[in-house]
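Ready to practise reading a protein model? Work through the exercises below with the structure open beside you, and try each task before you look at its solution.

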Amino acid sequence: MSAGYAERLKEYPNKGKCGLPENYDTSRSLSSKISTLAQLMNQSRYTVVLTGAGISTSAGIPDFRGPNGIWTREQQRLMKVKKKKRKRVENNDDQSEQPQQNDNEQQQSSKGSSSPSFVTAQPTLTHRALAHLITNNTPHPNHNNKNQYYLQHLITQNIDGLHGKTTSLPRNQLSILHGDIFTEKCSTCHKEYIRNYEISTIGLQPTGRYCTLGGDPPGSCNGALIDTLLDWEDALPEVDWERSQVECAKAELILCLGTSLRIEPAGGLCTLGTGLGYVDAGAAEWDLDCGGYLDVATTKKKSKKKNGRKRQQLPPKKLGYVIVNLQETPYDDGATLVIRAKVDDVMERLMSKLGYGSDWDGNDDDRVDEHEQGQDGKNDDDDED
């Protein structure tokens, strides 16, 4: 799975800290922290989630920087090879007798162990819970609006497609930053095709197929399809990246689940949860270039009439961001709350704290065999956010 994907990536030396120890909160501390998290969820009127590889490990997909992660094992193998070479030099061994063995060791050091296909992996409890919190019609306790839900947007760094396998999750409420191993898109009209098989290329390369649905009239495009998987130095997808920044800027609370927050710029999104509260669309415009509101003066104005309608008053101070991860992250110190526990365990208990019964978790993991979406990352018949 992740190992096969990692083998396709170019060589890249700066993979961040790997193999840090995993820590667990005590039972009493964990119970207290989950209660605090539930309180924050109830207080927040706009919550965004950022997910990483740690939410998929219970599906059998290894992470990258954990004690048994892909990059951790790679570093361990490289160190082992270097140690053997040093020992041979110190002992004046004749290395010419073992050239093939050394080549094999070097090749193995850059690859992960074989893994089953991503196709067989199914969404974890966390994937299903997040989709439920975004789409379930249970009203938020602090809102009179019965269409308000606990989560408003989900951002993922994962390429495994498991969020997509929870078919109730709308694409316009999911931003995919590093690509999806099941998705290819047209290089001309940008229409997306979600397959039930892995796309074999990486780095936004042609897949050998062509667009059959885009264009005007539909079906006339015939543009070359490319994969959506980013290699190390590829730029983030413009639509998903800009939408992620806007959503995090609007958020009163950001949840970081199963991510080491060591890949930038995605890792820094959580800090947008610590600034001033959001304003409505008529009060200010979010400027992605400067990373703030153009009309910052509106943050000090009281609610008043403008153009015949009442401007929404700014909410109180933001609630910040919460990290749920077994390893430390570079952003721990600025977090409102840090939970050291398995993400599935936290989400299962959180759902109970939020008032969901044991029957919330239905079977929602069937993938549409082939699905098309537009450049803006939403279904053609979806409404705007």
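**Exercise 1. Find out whether asparagine 136 is buried or exposed, and what surrounds it.**

Step 1. Asparagine 136 has a relative accessible area of 17%. Buried means under 20%, exposed means over 50%, and partly exposed is in between (1.4 Å probe, protein chains only). So asparagine 136 counts as buried.

Step 2. Now place asparagine 136 on the chain: it sits in the loop between α5 (125-135) and β2 (153-156). Helices (H or I, at least four residues) and strands (E, at least two) are DSSP runs, numbered from the N terminus.

Step 3. Look for partners. Setting aside neighbours within four places in sequence, asparagine 136 is in contact with Tyr149 and Tyr356; contact means heavy atoms within 4.5 Å. The C-alpha atoms of asparagine 136 and glutamine 148 are 9.5 Å apart, with their positions twelve residues apart in sequence.

A word on what you're looking at: this is a predicted model, where local features need pLDDT of at least 70 and side-chain atom pairs count only at pLDDT 80 or more, while totals for chains, interfaces and linings use all residues. Residues are numbered from 1 along each chain as its sequence is written, and side-chain values use heavy atoms, with hydrogens and water left out.

**Exercise 2. Describe the surroundings of glutamine 205.**

Step 1. Glutamine 205 lies in the loop between β5 (192-194) and β6 (206-210). Its relative accessibility is 41%, so glutamine 205 counts as partly exposed.

Step 2. Not counting residues up to four places away in sequence, glutamine 205 touches Leu225, Ile226 and Asp227. The C-alpha atom of threonine 228, 23 residues away along the chain, is 8.2 Å from that of glutamine 205.

Step 3. Check the side chain too: one of its polar atoms lies 3.0 Å from the backbone oxygen of glycine 203. That's a polar contact (a pair of N or O atoms within 3.5 Å; within protein, one must be able to donate a hydrogen and the other to accept it, and residues adjacent in sequence count only if both atoms are side-chain atoms).

**Exercise 3. Which side chain makes a polar contact with serine 175?**

Step 1. Start with strand β3 (residues 174-176), where you'll find serine 175. With a relative accessible area of 0%, serine 175 is buried.

Step 2. The side chain of histidine 153 is the partner, joined to the side chain of serine 175 by a polar contact of 2.8 Å.

Step 3. Beyond four places in sequence, the residues in contact with serine 175 include Leu154, Thr156, Asp240 and Arg243.

**Exercise 4. Explain why α5 is described as largely enclosed.**

Step 1. Count the buried residues: nine of the eleven in α5, so the rest of the structure largely encloses this helix. Among them are Leu125, His127, Leu130 and Leu133.

Step 2. Those buried residues pack against α2, β1 (47-51), β2, α6, β8 and α8.

Step 3. Next, the largest nonpolar core (a set of buried Ala, Val, Leu, Ile, Met, Phe, Trp, Tyr and Cys residues joined through side-chain atoms within 4.5 Å). Of its 37 residues, Leu37, Met41, Leu133, Leu257 and Met347 touch the most other members. The elements that give two or more residues to this core include α2 (27-43), α5, β8 (253-257) and α8 (343-353). Apart from it there's another core, of 19 residues, including Trp241 and Tyr331.

**Exercise 5. How many cavities of 30 Å³ or more does the structure hold, and what lines the largest cavity?**

Step 1. There are three of them. On a 1 Å grid over the protein atoms alone, a cavity is a set of points where a 1.4 Å probe fits but cannot get out, and lining residues have an atom within 4 Å of a point.

Step 2. The largest cavity has a volume of about 60 Å³; a volume is the space filled by probe spheres set on the points, which are joined across faces, edges and corners.

Step 3. Its lining includes Thr156, Asp160, His163 and Ile176. The largest share of that lining, three residues, comes from α6.

Note on methods. 1 Å grid on protein atoms, 1.4 Å probe; cavity = no way out; pocket = protein on both sides within 12 Å on 5 of 7 lines; lining within 4 Å.
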